[in-house]
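Colleague: I'm new to this one. Can you walk me through it?
Modeller: Sure, have a look and ask away.

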Amino acid sequence: MSATDCEQQGTGWGILEDLPGDPMIWVLIFSELAAFGLFLGAFVVARALHPAVFAAGQATLDAQLAGINTILLVTSGWAAARATAAARADERGRARGWLFGAMALGGVFIAVKLFEYAGEIALGNGLETSPFFTLYFLLTGFHLLHVGLGIVILAVVSRGARAAGVETGTAFWHMVDLLWIVMFPIIYLVHP
Amino acid sequence: MIPDRLDIAWIMLIGLALATILVPPLVARPLLANGLLLIFAALKGRHIVLDFLDLRSAPALWRGLVSAWVLIVVLFAWLASAIVALI
């Protein structure tokens, strides 16, 4: 098959090509949604089996800090969406500025989360304190790693600030946002 | 400056986030509070999926798949809490 034939048939990603950004990021996004979905399902089942343990653990969490982090992350998502709109209009300088804003807010999210962890550890809560804290630290820690990775991805795509790259990077960032939106009430607020 | 679709989505997300924080101190009944918290989560997810991820213009398959993920997770969480409350 010649290069021309390949171009005429698309990039070979089929229906994934209809999604914004590089199709490969969507393979990653769907994998992450599946993994976090199962992880959250395990948290919900464990809570149903040990409601008293989970209620006691949840009572020590700082839901206000997590609420502040929600506002930070959705605002960061808005900045990322603005960056995509600017990149599509070929306004690379503006796109870069919005991306820096999104990254800065992501950095504050990490700082707030580390402050929250320090508070929990000061109270004597760790990975092995109870099933609640094992799942709390693993779920939120795994998510925190994704926030860090997302900032790195946004930094990489901000260099060229081209539409395709920015769409790809911000798609990952919005997934990180979506995960937190679902995790926040389930871990911090829902009554066991 | 007139707010566009992205600005409106952001304002809605901030409003829903604030409403989420207010549910525990204002709603005493656990099942109702859990229901409200998870409905707000689903609404926030909808804005992120349709407006920020921009799947509003994507094929229904992808829009439905990501939206279904949000709905399944929040519905499962509510059902589990409801079963525990009823037992």
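Colleague: What does the phi of Asp54(B) do just after H2(B)?
Modeller: Asp54(B) takes a positive phi there, about 65°. Helices here are DSSP runs of H or I with at least four residues, numbered from the N terminus. Keep in mind that this is a predicted model: local features need pLDDT of at least 70, side-chain atom pairs count only at pLDDT 80 or more, and totals for chains, interfaces and linings use all residues. Residues are numbered from 1 along each chain as its sequence is written, and chains are lettered from A and ligands numbered from 1 in the order in which they are written.

Colleague: Why point out a positive phi?
Modeller: Because most residues other than glycine have a negative phi. Asp54(B) is not a glycine.

Colleague: Where is Asp54(B), and is it buried or exposed?
Modeller: Asp54(B) is in the loop between H2 and helix H3 (60-86) of chain B. It counts as buried because it has 22 C-beta neighbours inside 10 Å (the cut-off for buried is 20 or more other C-beta atoms within 10 Å, with C-beta atoms placed from the backbone).

Colleague: Which loop holds Ala161(A)?
Modeller: The one between helix H6 (131-160) and helix H7 (163-189) of chain A. Ala161(A) has a positive phi of about 50°.

Colleague: New topic: how many residues does the contact take from each chain?
Modeller: 37 from chain B and 35 from chain A, where contact means C-beta atoms, placed from the backbone, within 7 Å. On the chain B side, helix H1 (5-26), H2 and H3 each give two or more residues.

Methods: A residue is buried if 20 or more other C-beta atoms lie within 10 Å of its own, exposed if 12 or fewer, and partly exposed in between; C-beta atoms are placed from the backbone. Two residues are in contact if their C-beta atoms, placed from the backbone, lie within 7 Å.
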